[in-house]
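Student: Hey, have you got a few minutes to go through a structure with me? I'd like to just poke around and ask things as they come up.
Tutor: Sure, pull it up and ask away.

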Amino acid sequence: MANALRVGSVISLCSLRNTTPPLPLLSNATRFRSKFPFFTLLSSPNTFGSPSFRTLSSSSIDEAVTTTEAITGNASGEAESSIKDAAGLLDIRVGRILRAWKHDEADSLYVEEVDIGEPEPRIICSGLVNYIPIEHLQGKKVIVLSNLKPRNMRGVKSCGMLMAASDAKHENVELLFPPDEATPGERIWFGSEDEKDNQPAAATPNQLQKKKIWELVQPHLKTDVSCIAMLGEHVMHTSVGSVACQSLQNANIS
């Protein structure tokens, strides 16, 4: 009788298992898009019999911005291309500081007028008072992240950010700078020299903020042992050479 009970129990358990509805399976295309949101699958396979893919064009920028939120901030090596595509949505420009002065209401802030090739100079606030003497700013060529949303900083509307390198303890800070021959207003890109003409359109300030594109890209920005600014293995380029800082090696960039 005990054996009969055991057999009956096994049969009952099997019946219960068989009545459980199967979980829905994700298609290969869905899984691919979830891991590589900045790529899109083509309908025909390549010569090796596997699915082909292509990067999104500038006309697909809105879709690219929307899918950026699917990537985590600690993206692995297999998502490096997606990080690079996200960095392409940043509008990073060569700038030249025309004038700088201390903020009247904030002891740690400078206010700068910066020429980035627009009809009027940008007003930018920078927390550099404790790190860089003001005389080292006047007339200096700098790197500007220009498509951030304007921020009110103690009564001054700041329209951009000067990009700088800093050590791990944030005790030493140096501005990034382009080669002397770089022209204010020139847009900067990451990668090889022949990628200059393939830059996508920059995201709008609203898109940049809403999808946290800067927060996604920034952890991957560092200087190398030669103080060259890098995005992973991709050099930060102007048309006349790379972007660098003065002396900070393997430093964070923000």
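Student: Okay, random start: is asparagine 250 buried or exposed?
Tutor: Asparagine 250 is exposed, because its relative accessible area is 51% and anything over 50% gets that label. Keep in mind that this is a predicted model.

Student: Where along the chain is asparagine 250?
Tutor: Look in the loop between strand 16 (241–242) and strand 17 (252–253). The phi of asparagine 250 is near 50 degrees, a positive value in a residue other than glycine.

Student: Why point out a positive phi?
Tutor: Most residues other than glycine have a negative phi. Lysine 212 is another one to look at, with a positive phi near 55 degrees.

Student: And where does lysine 212 sit?
Tutor: In the loop between helix 5 and helix 6. Lysine 212 is exposed too, since its relative accessible area is 52%.

Student: Switching to strands. What order do they take in the open sheet of five?
Tutor: The order is 5-4-3-6-9, and the pairing is antiparallel. Strand 5 and strand 9 are at the edges with a single partner strand each, so one side of each has no neighbour in the sheet.

Student: How many bridges join strand 3 to strand 4?
Tutor: Six, with strand 4 covering residues 110–115. On the other pairing, five bridges join strand 3 (residues 92–102) to strand 6 (residues 141–145).

Student: Which residues stand opposite each other there?
Tutor: Between strand 3 and strand 4, arginine 96 faces aspartate 115, and alanine 100 faces glutamate 112. For strand 6, glycine 95 stands opposite valine 142.

Student: What about isoleucine 132, is it buried or exposed?
Tutor: Isoleucine 132 is buried, because its relative accessible area is 10% and the cut-off for buried is under 20%. You'll find isoleucine 132 in the loop between strand 5 and strand 6.

Student: Which residues does isoleucine 132 touch?
Tutor: Leaving aside neighbours within four places in sequence, isoleucine 132 is in contact with Tyr110, Leu137, Val173 and Leu175. Tyrosine 110 is 22 residues away from isoleucine 132 along the chain, and their C-alpha atoms are separated by 9.9 Å.

Student: Okay, new residue. Which strand holds serine 166?
Tutor: Strand 10, which covers residues 164–166. Serine 166 counts as buried because its relative accessibility is 5%.

Student: What does the side chain of serine 166 make a polar contact with?
Tutor: With the side chain of histidine 170, at 3.3 Å. Beyond its neighbours within four places in sequence, serine 166 is also in contact with Asn172, Val173, Leu248, Ala251 and Asn252.

Student: Last topic: pockets. What's the volume of the largest pocket?
Tutor: About 580 Å³. The lining is made of 25 residues, and those nearest the centre are Cys125, Leu148, Arg151, Gly160 and Met161.

Student: Which elements give two or more residues to that lining?
Tutor: Strand 5 (122–126), strand 7 (151–153), strand 9 (161–162) and strand 10, plus helix 5 (205–210) and helix 6 (213–217).

Student: How many of the lining residues are nonpolar, polar and charged?
Tutor: The largest pocket has 14 nonpolar, eight polar and three charged residues in its lining.

Student: Great, that gives me plenty to look at. Thanks!

Note on methods:
Residues are numbered from 1 along each chain as its sequence is written. This is a predicted model: local features need pLDDT of at least 70, side-chain atom pairs count only at pLDDT 80 or more; totals for chains, interfaces and linings use all residues. Side-chain values use heavy atoms; hydrogens and water are left out. Two strands pair if DSSP finds at least two bridges between them. Helices (H or I, at least four residues) and strands (E, at least two) are DSSP runs, numbered from the N terminus. Buried means under 20% relative accessible area, exposed over 50%, partly exposed in between (1.4 Å probe, protein chains only). A polar contact is a pair of N or O atoms within 3.5 Å; within protein, one must be able to donate a hydrogen and the other to accept it, and residues adjacent in sequence count only if both atoms are side-chain atoms. Contact means heavy atoms within 4.5 Å. On a 1 Å grid over the protein atoms alone, a cavity is a set of points where a 1.4 Å probe fits but cannot get out, and a pocket is an open set with protein on both sides within 12 Å along at least five of seven lines; lining residues have an atom within 4 Å of a point. Grid points are joined across faces, edges and corners, and a volume is the space filled by probe spheres set on the points. Ala, Val, Leu, Ile, Met, Phe, Trp, Tyr, Cys and Pro count as nonpolar, Asp, Glu, Lys and Arg as charged, and the others, Gly among them, as polar.
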